[in-house]
Amino acid sequence: MRHSFASDALQLGADLTMIGRLLGHTQVQTTARYAHLKTSFVQKTADKVSHAINKALFP
């Protein structure tokens with residue numbers, strides 16, 4: 001459950017420091033082991049960046 005919480009918080013834009021505080025971690029390295037980006041979120045973000053670059057190059 002802690003892994004899901006950390007991963008969802010990361011996906012919603014919280015940084016590792018804030019997530020760590022919410023989970024009671026004292027070190028960011030510990031939080032980094034809990035928080036993982038979900039593959040679908042990574043793909044959507046890459047698509048958004050690609051679209052923005054394409055739009056900037058070819059208005």
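Helices in this tour are runs of at least four residues assigned by DSSP, and they are numbered from the N terminus. The structure on the screen is a predicted model.

**Stop 1: the loop at A14**

Please select A14, which lies in the loop between α1 and α2. Is A14 buried, partly exposed or exposed? With a relative accessibility of 23%, A14 counts as partly exposed, because the buried class ends at 20%. Display the neighbours of A14 next. Apart from residues up to four places away in sequence, A14 touches A9 and I19.

**Stop 2: the largest nonpolar core**

A9 and I19 lead to the next selection. Together with A6, L23 and A35, they make up the largest nonpolar core, which has five residues. Which elements give two or more residues to this core? They are α1, spanning residues 2–11, and α2, spanning residues 16–23.

Remain with A35, a member of this core, and show what surrounds it. When neighbours within four places in sequence are set aside, A35 is in contact with A6, S7, L10 and L16.

**Stop 3: S7 in the first helix**

Now select S7, one of the contacts of A35. S7 is found in helix α1. Its relative accessibility is 8%, so S7 counts as buried. Beyond the residues within four places in sequence, the contacts of S7 are Y34, A35, H36 and K38.

**Stop 4: T31 and its polar contact**

Move to T31 in helix α3, which covers residues 28–34. T31 counts as buried because its relative accessibility is 1%. With which side chain does the side chain of T31 make a polar contact? The partner is H25, and the distance is 2.9 Å. Select both side chains to view this pair. Outside the stretch of four places on either side in sequence, T31 is in contact with L16, I19, G20 and H25. Among these residues, I19 also belongs to the largest nonpolar core.

**Stop 5: G20 in the second helix**

G20, a contact of T31, is the next selection. G20 has its place in helix α2. A relative accessible area of 3% means that G20 is buried. Leaving out neighbours within four places in sequence, G20 is in contact with H25 and T31. A distance may then be drawn from G20 to A46. These two residues are 26 residues apart along the chain, and their C-alpha atoms are separated by 26 Å.

**Stop 6: along the fourth helix**

Select K48, whose place is in helix α4. K48 is exposed, because its relative accessible area is 64% and the exposed class begins over 50%. Draw a second distance, from K48 to R21. The C-alpha atoms of this pair are separated by 30 Å, with their positions 27 residues apart along the chain.

Continue to I53, which is also placed in helix α4, residues 39–57. I53 has a relative accessible area of 48%, and it is therefore partly exposed.

**Stop 7: the nonpolar surface patch**

Keep I53 selected and add V49, L57 and F58. These four residues form a nonpolar patch on the surface, and together they have about 430 Å² of accessible area.

The tour ends at F58, which is found in the segment after α4. Its relative accessible area of 61% is the reason why F58 is classed as exposed. How far apart in space are F58 and G24, C-alpha to C-alpha? The distance is 47 Å, and the two residues are 34 residues apart in sequence.

Note on methods. Residues are numbered from 1 along each chain as its sequence is written. This is a predicted model: local features need pLDDT of at least 70, side-chain atom pairs count only at pLDDT 80 or more; totals for chains, interfaces and linings use all residues. Side-chain values use heavy atoms; hydrogens and water are left out. A nonpolar core is a set of buried Ala, Val, Leu, Ile, Met, Phe, Trp, Tyr and Cys residues joined through side-chain atoms within 4.5 Å. Buried means under 20% relative accessible area, exposed over 50%, partly exposed in between (1.4 Å probe, protein chains only). Contact means heavy atoms within 4.5 Å. A polar contact is a pair of N or O atoms within 3.5 Å; within protein, one must be able to donate a hydrogen and the other to accept it, and residues adjacent in sequence count only if both atoms are side-chain atoms. Patches are made of residues with over 30% relative accessible area and no salt bridge: like charges are joined within 9 Å, nonpolar side chains (Val, Leu, Ile, Met, Phe, Trp, Tyr) within 5 Å. Accessible areas come from the Shrake-Rupley method with a 1.4 Å probe; for residues, only the protein chains shown count as cover. A salt bridge is a side-chain nitrogen of Lys or Arg within 4 Å of a carboxyl oxygen of Asp or Glu.
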